[in-house]
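Colleague: I'm new to this one and could use a guide. Could you take me through the whole briefly, then look closely at a single part?

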Amino acid sequence: MRPWIGITCGYDQDEHQFRLNSPYQLAVEAAGGVPVLIGVSPEVAPELLTRLDGLLFTGGADLDPALYGAEPAPGLGGVSPKRDAFEIALVREAYRIGMPTLGICRGCQLLAVAGGGTLYQDLPSERPGSIKHFQTSPRDHQSHTASVMAGTRLADVIGHEEIRVNSLHHQAVHDLPSGAVLAATAPDGVVEAFEDPRHPHWLAVQWHPEGFWRNDPAALALFRSLVEAAARKVVSA
């Protein structure tokens, strides 16, 4: 049986409709998983996870800085309180039960905040001199390099010490959660990936591999590693 991978959705401005870019779903299918689009209330997060085998947290709106004890900075973009509440509950329950999880862009930041980390609310204003992290080129363009830390799970998954990634964010992880391990950095030192070695499969990347998985085996490998970890969960269940 192919594992079921829950994929979180964003909301429109009024938080009345779900939104999801189709490449997330297509990448999970190509990796051998069954994509399941999710977006419900925090109260049902534990029950929801009993029906899934893995989780993919996607990109989207900024996270509310109140979640990590900060006041809103001038460069903060729009936030989605309903999505924040649901996904924080989902992340924490997924970690507790050891569910294979991949966070992408906002999902990377979410995994950090849910574990007690903090964010840069706006890189251009808070880290002057950083490289351009919000590209204006197409989403499949890999605009800058990222250095992958030797010995990490990420290095095992993608098989390279340096990769090229796309970049579509203005927020980024500032402080990692306690126990997390830095897995990749941009040329300016901004966190591009982290993982948690205490968890069976807990990986977060700041770039958008769903944007170029068709052309880059390393990008598809991220989805395959999630699906394979979820498949092991199915076999052991």
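Modeller: Happy to. Let's begin with the overall build: for a chain of 237 residues, a compact globule would come out with a radius of gyration near 18 Å, and this protein has 16 Å, so the two agree. Keep in mind that what you're looking at is a predicted model. Along its principal axes, the C-alpha atoms fill a box of roughly 50 × 40 × 35 Å. Inside that box you'll find 7 helices and 13 strands.

How much of the chain is buried? Buried residues come to 52% of the 237. As for who touches whom, take the contacts with a separation of 6 or more: 70% of them link residues that sit 24 or more positions apart. On the outside, the protein exposes about 10,400 Å², with carbon and sulfur atoms supplying 52% of that area. There are 18 positive and 27 negative side chains, and the centres of those two sets lie 5 Å apart.

Now for the close look, and I'd pick strand 9, which covers residues 162-165. This strand has two faces: Ile163 and Val165 are on the covered one, while Glu162 and Arg164 are on the uncovered one. Its partner is strand 8, residues 144-148; the two run antiparallel and are joined by 4 bridges. To find your place in the pairing, go to Ala146, which stands opposite Ile163 of strand 9. That is the Ile163 from the covered face, the one it shares with Val165.

Key. Residues numbered from 1 in each chain as written. Predicted model: local features only at pLDDT ≥ 70, side-chain atom pairs only at ≥ 80, totals over all residues. Heavy atoms only, no water. Rg over C-alpha atoms; globule rule 2.2 N^0.38 Å. Buried < 20%, exposed > 50% of the residue type's maximum accessible area, 1.4 Å probe, protein only. Contact = heavy atoms within 4.5 Å. Areas by Shrake-Rupley, 256 points an atom, 1.4 Å probe, with all protein chains shown as cover. Lys, Arg positive; Asp, Glu negative; His and termini not counted. Charge placed at Lys NZ, Arg CZ, Asp CG, Glu CD. Pairing = 2+ DSSP bridges.
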